[in-house]
Amino acid sequence: MTGSHRPIRTRPEGCPAPPSRMYDTALLDLDGVVYAGGEAVVHAVESLAAAREAGMRLAYVTNNAARTPLTVAGHLTRLGVPAEPEEVVTSAQAVARTIAEELPAGSRVLCVGGEGLRVALRERGLEPVESADDAPAAVVQGYGGPEMPWGRLAEAAIAVGRGLPWFASNGDLTIPGGRGIAPGNGAAVEVVRIATRWMRPAPEPRTAGKPLPPMHRETILRTGAERPLVVGDRLDTDIEGAYAGGVDSLLVLTGVTDAAQLLAAPPEHRPTYVAADLRALHREQPEVEELRDGGRSGFLCGGWAASAEGGVLRLEGRGDDPLDGLRALCAAAWTHAGEGVCDLPGVDEVRAVLGL
């Protein structure tokens, strides 16, 4: 998905007007972007209100398949972000559509997940069942929360071991919470994979969630977005999903991605814009300019100068916003890496300077 498919991004882009005026729809991830551990992320409520007031439509796109759109919308509304169920798109909906396109209406599906997955299956005319002995035609896994019984994974492993088609809402290994990072649906999928590795060929689930095409298709079908901006905190789901869909993306640093991971991002994980939080929706994005002066090379942004000269990432100057320094560093690191990843020393030193 790099190289010949599209130009390699070598720096974050500038935006001459607030993104809320440049894009018709914000496709917002939830965990780590709008809320964490059930509580609103700092600046999220007022920033989303300002974006909506500017005319931007908001859609909430989540790989978490446990809850129904109605439940998610209710949660958002209680946090101060008014939302309707129609504005919520889940990986459960994406995988349910995928299954329904392959199985006859009324087919039984062994559902290993939460209420959100069961509701999505029923909406597509499929019947969720609980046991491998209930004559299912397929197996689907989705995040079921921390209380999911071990026996549910055993049912999935037994059914997959019998040769049934295997689907997964998403492959996220982790999920952010208020107390830290916890296992996600991808970790549960790995349990079933390990339990069925005796099979030849080894079974592999059909996965629908970000960053894969079924989730992007589901989102566009449900929102009708013509010029969307994907907003997320994860490089391997949100940003890669935007890359795969050929749309712009905004990475916010309120979730799982830190500065070091961003600097080492391969092309498919490099966002269009980089910001601290959702206030970026109603703020212009600064340009990152290339420096060519007397044989020196590097990149400038907001008073900071970054380079990869001598095989070390360096940051000089002092700007008002440390994120400008990070943007300049991204340009130096991504340009040096090209189609690969940046492994230059100096990341810890510049993070300390920036306080990131």
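**Reading helix 3 and the cavities**

Me: In this predicted model, which residues of helix 3 (residues 69-79) are buried?
Reply: Those are P69, V72, A73, H75, L76 and L79.

Me: How do I read a pattern like that: why do the buried residues line one face of the helix?
Reply: Look down the axis of helix 3: its buried residues fall within an arc of 160 degrees, so one face is lined by them. Over on the other side, L70 and R78 are exposed.

Me: What do the buried residues of helix 3 pack against?
Reply: Quite a list: strand 2 (35-36), strand 3 (39-40), helix 2 (44-53), strand 4 (57-62), strand 5 (88-90) and helix 4 (91-100).

Me: And what follows helix 3?
Reply: That's G80, with a positive phi near 100 degrees.

Me: On to holes. How many cavities of 30 Å³ or more are there?
Reply: A cavity is a space where a 1.4 Å probe fits but cannot get out. Here the count is two. The largest has a volume of about 160 Å³, and the second largest about 130 Å³.

Me: Which residues lie nearest the centre of the largest cavity?
Reply: Of its 18 lining residues, D31, N63, N64, D172 and I175 do. Strand 10 (174-177) and helix 9 (235-245) each give two or more residues to this lining, and strand 10 has the largest share, with three. By type, the lining has three nonpolar, eight polar and seven charged residues.

Me: How does the lining of the second largest cavity divide?
Reply: Into nine nonpolar, three polar and three charged residues. V61, K210, H216, T219 and V230 lie nearest the centre of this cavity.

Methods
Residues numbered from 1 in each chain as written. Predicted model: local features only at pLDDT ≥ 70, side-chain atom pairs only at ≥ 80, totals over all residues. Heavy atoms only, no water. Buried < 20%, exposed > 50% of the residue type's maximum accessible area, 1.4 Å probe, protein only. Helix = DSSP H or I, 4+ residues; strand = E, 2+ residues; numbered from the N terminus. Arc of directions from axis to C-beta. Contact = heavy atoms within 4.5 Å. 1 Å grid on protein atoms, 1.4 Å probe; cavity = no way out; pocket = protein on both sides within 12 Å on 5 of 7 lines; lining within 4 Å. Points joined across faces, edges and corners; volume = space filled by probe spheres on them. Nonpolar A, V, L, I, M, F, W, Y, C, P; charged D, E, K, R; others polar.
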